Amino acid sequence: MISLDQARTVIAATRAKGRAMDLNPLTVVVLDAGGHLVAMEREDGSAYGRPDIAGGKAAGALAMGMSSCKLGDMAADRPQFMAALSAAWHGRLIPAAGGVLVRDGEGRLLGAVGVSGDLSDKDEEAALAGIAAAGLAAG
């Protein structure tokens, strides 16, 4: 499982990357491998609903075992399936880039990070930087 200290490092580095990229205010959610919230930060000015979106990106990645970016590709090909999953999981599946699985150096799943606030691809870029800064692996 991802520790609170690791989650805090991921969040701080994700936010720092967001500031370096001049992104809109971000919300970052870190879930453990069981889908439980470990940590969340919402930057000043991050829009209403961003915690739910970031959490849905991370939860969807965990539930399906792939990044939320890949879930977005799946949604384009199989929209009814993705809509059914989202309904079954009470909206906890957001098929847009920004939700990334987190693994340790040996490939064990620790959890997932979800980021929301800017364009989805930019959210994901910030998440990847945060994961790397914590000495963890994405994917």
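Is aspartate 5 buried or exposed?

**Figure 1. Aspartate 5 in helix α1 of the predicted model.** Aspartate 5, which is found in helix α1, counts as exposed, because its relative accessibility is 55% and the exposed class begins over 50%. The view also takes in glycine 65, which lies 60 residues from aspartate 5 along the chain, and the C-alpha atoms of the two residues are separated by 24 Å.

**Figure 2. The largest nonpolar core and the second core.** The largest nonpolar core has 18 residues, and among these Val30, Val102, Val113, Ile131 and Leu136 touch the most other members. At least two residues of this core come from each of α1 (4-20), β1 (27-32), β3 (99-103), β4 (109-116) and α5 (120-133). A second core, separate from the largest one, consists of 9 residues, including Leu31, Ala59, Ala61 and Leu101. In soluble globular proteins, nonpolar side chains tend to be buried together.

**Figure 3. Surroundings of valine 102, a member of the largest nonpolar core.** When residues up to four places away in sequence are not counted, valine 102 touches Ile2, Arg108, Leu109, Leu110, Gly111, Ala112, Val113, Ile131, Leu136 and Ala137. Three of the residues in this list, Val113, Ile131 and Leu136, are also named, together with valine 102 itself, among those that touch the most other members of the largest core.

**Figure 4. Packing of helix α2 against helix α3.** The axes of α2 (residues 50-64) and α3 (residues 68-77) come within 9 Å and cross at roughly 80 degrees. Angles of 65 to 115 degrees count as roughly perpendicular, and α2 is therefore roughly perpendicular to α3. On the α2 side the contact involves Lys57, Gly60, Ala61 and Met64, which meet Ser68, Leu71 and Met74 of α3. Sorted by class, the residues of this contact are 4 nonpolar, 2 polar and 1 charged.

**Figure 5. Packing of helix α3 against helix α4.** Helix α4 (residues 79-88) packs on α3 at an angle of about 120 degrees, and the two axes are 5 Å apart. The two helices are therefore oblique to each other. From α3 the contact draws on Leu71, Met74, Ala75, Ala76 and Asp77, and from α4 on Pro79, Phe81 and Met82. By class, the residues of this contact divide into 7 nonpolar, no polar and 1 charged. Leu71 and Met74 of α3 take part both in this contact and in the contact with α2.

**Figure 6. Threonine 27 in strand β1 and its contact with serine 46.** Threonine 27 lies in strand β1 and is buried, because its relative accessible area is 0% and the buried class covers values under 20%. Its side chain is joined to the side chain of serine 46 by a polar contact of 2.7 Å. Leaving aside neighbours within four places in sequence, the residues in contact with threonine 27 are Met40, Glu41, Arg42, Ser46, Arg50, Pro51, Ala54, Gly114, Val115 and Ser116.

**Figure 7. Threonine 14 in helix α1, with valine 38 in strand β2.** Threonine 14 lies in helix α1 and counts as buried, with a relative accessibility of 0%. The side chain of threonine 14 reaches the backbone oxygen of alanine 126 at 3.5 Å, and, not counting residues up to four places away in sequence, threonine 14 touches Leu26, Val28, Val115, Ala126, Ala127 and Gly130. Valine 38, found in strand β2 (residues 37-42), is 24 residues from threonine 14 in sequence and 15 Å from it in space, C-alpha to C-alpha. At 22% relative accessibility valine 38 counts as partly exposed, and beyond four places in sequence valine 38 touches Ile2, Ser3, Leu4, Ala7, Val30, Leu31 and Asp32.

**Figure 8. Two loop positions, aspartate 22 and glycine 135.** Aspartate 22 is found in the loop between α1 and β1, where it has a positive phi of about 60 degrees although it is not a glycine. Aspartate 22 counts as exposed, at 68% relative accessibility. Glycine 135 has its place in the loop between α5 and β5 (137-138) and is exposed, with a relative accessible area of 60%. The C-alpha atoms of glycine 135 and glycine 105 are separated by 8.2 Å, although their positions lie 30 residues apart along the chain when counted as a sequence separation.

Terms used: Residues numbered from 1 in each chain as written. Predicted model: local features only at pLDDT ≥ 70, side-chain atom pairs only at ≥ 80, totals over all residues. Heavy atoms only, no water. Core = buried A, V, L, I, M, F, W, Y, C linked by side-chain atoms within 4.5 Å. Buried < 20%, exposed > 50% of the residue type's maximum accessible area, 1.4 Å probe, protein only. Helix = DSSP H or I, 4+ residues; strand = E, 2+ residues; numbered from the N terminus. Contact = heavy atoms within 4.5 Å. Axes fitted to C-alpha atoms, helices over the stretch in contact; angles between N-to-C directions. Parallel < 35°, antiparallel > 145°, perpendicular 65-115°, else oblique. Nonpolar A, V, L, I, M, F, W, Y, C, P; charged D, E, K, R; others polar. Polar contact = N/O pair within 3.5 Å; in protein donor to acceptor, adjacent residues only side chain to side chain.
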